[in-house]
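Here is a quick look at one model, starting with a helix and its two sides.

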Amino acid sequence: MLEFENVTVSLAGVRVLRNVSFKIDASETVALIGANGAGKTTALRTIMGFTDVSGEIRFGEMALTAVAPAKRPRLGIGYAPEDRRLFSAFTVEDNILMPGQVAKLTPGELRRRLDLIYEILPELRELAARPAGSVSGGQGKMVALGRALMIGRKLIMLDEPFQGLAPALARRYAEALRRLRDTDSEVTLIITESNPGLLKNFADRALVIDRGEVRAGSLNAEEAA
Amino acid sequence: MNLQLIALAVFDGVAYAALVFMVAVGLTLIFGVLRILNVAHGSFYAIGAYVVASVGGAIFAAGWSPWLAFPLMLIAAAVVGIVLGGLIERLLLRRIYDKEEALQILVTFAVFMILEDVQRLVWGVQPYFEATALQSLGNIQVFGVYYTVYQLILLPLVALAVLAGLRLFLRHTLSGRLILAVTEDREAATAIGIDTDKIYLMTFMLGAALAAFGGALASATTSVLPGIGADMIVLSFAVAATAGLGQIEGAALAALLIGLGRSFAVYLMPELEVLIPYLIMLLVLLWRPEGLFGVTQTRKI
């Protein structure tokens, strides 16, 4: 359902992705593994349309590169950036609702999706009325996941979700991901991580990104190293 | 300085602040969202004033009701904002968002110069004076001072309504909230499906319409002649910088501060009148370089 074909991306004159080709099937959970600076975030930002790209990216039957960045979420793509990027002017719940409001979902559908998100991430219900600028970094990651779930009906991309999470919070985050998988077996998940061991029990397979190139990898930490 | 003179200075200052606020708030809104310092902003003010003074003059001479002056101001502001503001954003500014600030300022300065000549071409260099709106509301006596209702009551009320309306719009309507989201983080806003091009266009039209509305309101109180746009852009920049660029409520207070400073200077030290707004700005910026209400931002890379 997502396919990169000979994709090259340069940032500020440096080629971050070089002639990358890979394919991800619907309902797969894929770990995108790589060291810091290997190009994981760039790969996700490229799918969102934030980089200058040469090559082909297909999403389903569609040439994604021909779709304006602002129209991509409406295809069912939800993205939780590593640094959360919440809108601090609004409450947590408003942040979660916003992608649905932008896509002009009916109030009933908004409500239904919000309830589903609260089932997957129960701690968000307690944070709902808090200003998004006041939640901790770890809680912010949960909010960013909730916001991605609002619109990501087909593909959800999580950029280093476990980075900087306290162990207890990381456990709760992993539980939330499992609940997500249990409630929605169709959605495709791409999770970037520098430590493959963290996703060993959760991802179906790994793609390793190394010096701008992508190859199949192992979820076993020792092998990948 | 006796009570009457103080009252007069306060009234002058408040009336003037209301007009400056209208222009400065548009400037600061545009900067907050588009991150462009729009030098051509003064042209919207001038053109708003010219349109109302010339069209108003024509329709009142033809015997139409003087009360039409008020809807005319609103319509003129909307037309200038949507048509002229819309054209400038779509055709010009859209190409330079990712360019250097110096280039952006030069481009908007060029637009300002072109529009100055356009004004001369359309309206000539003779002053227009059309005070029907001012006269139709009459005078009022406060603290022994006769003052026009238009300047003492209407202008401040309109400025407050604009301030409250903007707050309401930005915080409680979806369009307004999308503007706030884009202001905070353009990429994150795009990632949730917000069409930032549309938000930029809408914000620029709104900001331009506010400046034109300021000009429309000012046209009843002063002669409209070449150069008013230049005066206003410099002054409203002083207000926006004093408040901290992007600060809407702050712009209202800074406008009041600068308006009152200027009007008291007129009565106490007339030779300093022109200098006072910049002195206030200089002192504030020496003390707080980010402006009275500005926050130092760490911009994301």
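## The exposed side of a helix

On one side of α12(B), B:L283 and B:L286 are exposed (12 or fewer other C-beta atoms, placed from the backbone, within 10 Å of a residue's own). This is a predicted model, where local features need pLDDT of at least 70, side-chain atom pairs count only at pLDDT 80 or more, and totals for chains, interfaces and linings use all residues. Residues are numbered from 1 along each chain as its sequence is written, with chains lettered from A and ligands numbered from 1 in written order.

## The buried side

Over on the other side, B:I276, B:P277, B:M281 and B:V284 are buried, meaning 20 or more such atoms within 10 Å. Seen down the axis, the buried residues of α12(B) fall within an arc of 140° (taken from the directions from the helix axis to the C-beta atoms), so they line one face of the helix. They pack against α10 (228-243) and α11 (248-268) of chain B, with contact set at C-beta atoms within 7 Å.

## The core

The largest nonpolar core (buried Ala, Val, Leu, Ile, Met, Phe, Trp, Tyr and Cys joined through C-beta atoms within 7 Å) has 166 residues, and B:V20, B:F21, B:M22, B:A212, B:V239 and B:A255 touch the most other members. Helix α1 (residues 3-34) of chain B gives the most to this core, 20 residues; helices here are DSSP runs of H or I, at least four residues, numbered from the N terminus.

Leaving out residues up to four places away in sequence, B:A255 touches B:A17, B:V20, B:F21, B:A24 and B:V239.

Key. Helices (H or I, at least four residues) and strands (E, at least two) are DSSP runs, numbered from the N terminus. Two residues are in contact if their C-beta atoms, placed from the backbone, lie within 7 Å.
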